Amino acid sequence: MPSRSAEPQRGGRILLTGATGYVGGRLRRALADRGHALRCLARQPARLAGHNSDGAEIVAGDCLDVQSMRAAFAGVDRAFYLVHSMAVGAGFEARDRIAAENFAAAAKAAGVARIIYLGGLANSGAQISPHLRSRLEVGDILRSSGIPVVELRASIVIGSGSLSFEMVRSLVERLPVMVTPRWVDSRAQPIGIQDLLEYLVRALEIAPGVYEIGGSEQTSYRELMREYARQRGLRRWMLPVPVLTPRISALWLGLVTPLFARVGRHLIESIRSATVVQSDAHRAFGVTPMHASDAIAAALRNEDRDFAETRWSDALSSSVTPASRYGGTRMGRRLIDARERFVRAEPSAVFAALTQIGGERGWYAYDWLWRLRGALDLLVGGVGLRRGRSHPTRLAVGDVVDCWRVERVEVERQLRLVAEMKVPGRAWLDFEIEPAPGGAVLRQVASFDPHGLGGLAYWFAMYPAHAFVFRDMLDGIGRCAETPRSSEGKT
């Protein structure tokens, strides 16, 4: 088993490809937190510009165009290769081959001392899918350059946003009963995203070689789905079927979870055969990987933490803020209805109008619907609207606002309410204020974490009402802020 490299740690710049992807985006932050000087290669630099608080240098380039990479490699000592083309569909193998050849050539010309590559785990003797075969071929191409390569071969990655985890989430959340083909029982060795990032960071100094990495146990997609359902408190039934080809499975997966319409078949082909670790790479790296159940728990926990820390002006900056389709949009497991309004008033006036919401002041629109919703909540054992609020114009964290409670307040910037009514899930109503020339932008975000199929049905059934209630409520708050002396409120 290879051991840590004896060469001293280098201080040169690190080139990171795939920084707009799931693993690459998280690796960028992990490297920056450890003080590494980073340069990110991106086909669309604008996708990184708004999320570059770590100060990484961003350069335009495409691994399919060797000329565009030459400037990116200037002064680079080590490089991460996290590129793959599976999402393009047919012909991804040829694109992966060309990209790897171009990258290897540019790295060699620049005198790069090390390449770290994240590939796929494929057990010897197994029937290897085109996707995994391409992953192995890329590793061979990079090594053929003569540059020392650390190749990490990983199985399923568990983390909020990873392809495998999102497939498990979508199936379990949406299907109380599901037919399960044989491939859901194939053995795998899932690795949590935190452990994967630790392996990647330590690969900067480990001796070159091929390392198989995974979590602390072998499991299957069936067991992952059961564990996810257990942690989410969902009851699910899985009915095994003897025959369901990858093509048919992919069509079914694409109908249930449109995210996987393009990559579903390649993903299923890759997990039909066992992908388990056959060596003890964690000893060489000094990493103690977590159990799959702990990785799922961490994904759900981190998602809640990220949501609690979200400023919607950042989270929605690269998307259309108004609801762009029926049901809004999705952020992790949450469903989002977002809209905004320009207000011709100072942020202080907007905040004053906003903090009068609920109680005697009402909800700025359709108060009769709010009262009806409160009455229905009382009928099912909820709190209704009877609690009101303790002060007509001031709000602090923990205060009650009818059937809501204040979860977050930033003066003249943000107000977040969490619902305490009876709903099949968890709901929040978020307001954010941004200064703008001549006034301010008021952004309103309704978000819902549905509990199973009942939660999804509730959200989509209520969406037509939300569309006009939230729209007119936003307009009402804006008009109140624009009205002289609105900041005095009711006393």
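pLDDT is the predictor's confidence in each residue, on a scale from 0 to 100. You'll need that here, since this is a predicted model: local features need pLDDT of at least 70, side-chain atom pairs count only at pLDDT 80 or more, and totals for chains, interfaces and linings use all residues. Residues are numbered from 1 along each chain as its sequence is written, and side-chain values use heavy atoms, with hydrogens and water left out.

**Exercise 1. Find out what the mean pLDDT of the chain is, and which stretches stay below 50.**

Step 1: Start with the whole chain. Its mean pLDDT is 82, and 82% of its residues reach 70 or more.

Step 2: Now look for the weak spots. Residues 317-323 have pLDDT below 50, yet the model gives this stretch 14 contacts (heavy atoms within 4.5 Å) beyond near neighbours in sequence. Residues 486-491 also stay under 50, with 13 contacts beyond four places in sequence.

Step 3: Read with care. Where pLDDT is low, the predicted coordinates should not be read in detail.

**Exercise 2. Work out how far helix α4 reaches from its first C-alpha to its last, and which of its residues are buried.**

Step 1: Get the naming straight. Helices (H or I, at least four residues) and strands (E, at least two) are DSSP runs, numbered from the N terminus. The chain has 16 helices and 18 strands.

Step 2: Check the span. The expected value is 1.5 Å times one less than the number of residues. With 18 residues (92-109), α4 reaches 26 Å, close to the 26 Å expected.

Step 3: Look for burial, meaning under 20% relative accessible area (exposed is over 50%, partly exposed in between; 1.4 Å probe, protein chains only). In α4 the buried residues include F92, D96, F103 and A107.

Step 4: Go just past the end of α4, and you meet G111 with a positive phi of about 75 degrees.

**Exercise 3. Place A122: which loop holds A122, and is A122 buried or exposed?**

Step 1: Locate the loop. A122 sits between β5 (114-120) and α5 (130-144).

Step 2: Check accessibility. A122 counts as buried because its relative accessibility is 11%.

Step 3: List the partners. Leaving out residues up to four places away in sequence, A122 touches I128, L132 and L136.

Step 4: Compare sequence and space. A122 and R135 are 13 residues apart in sequence, and their C-alpha atoms are 9.2 Å apart.
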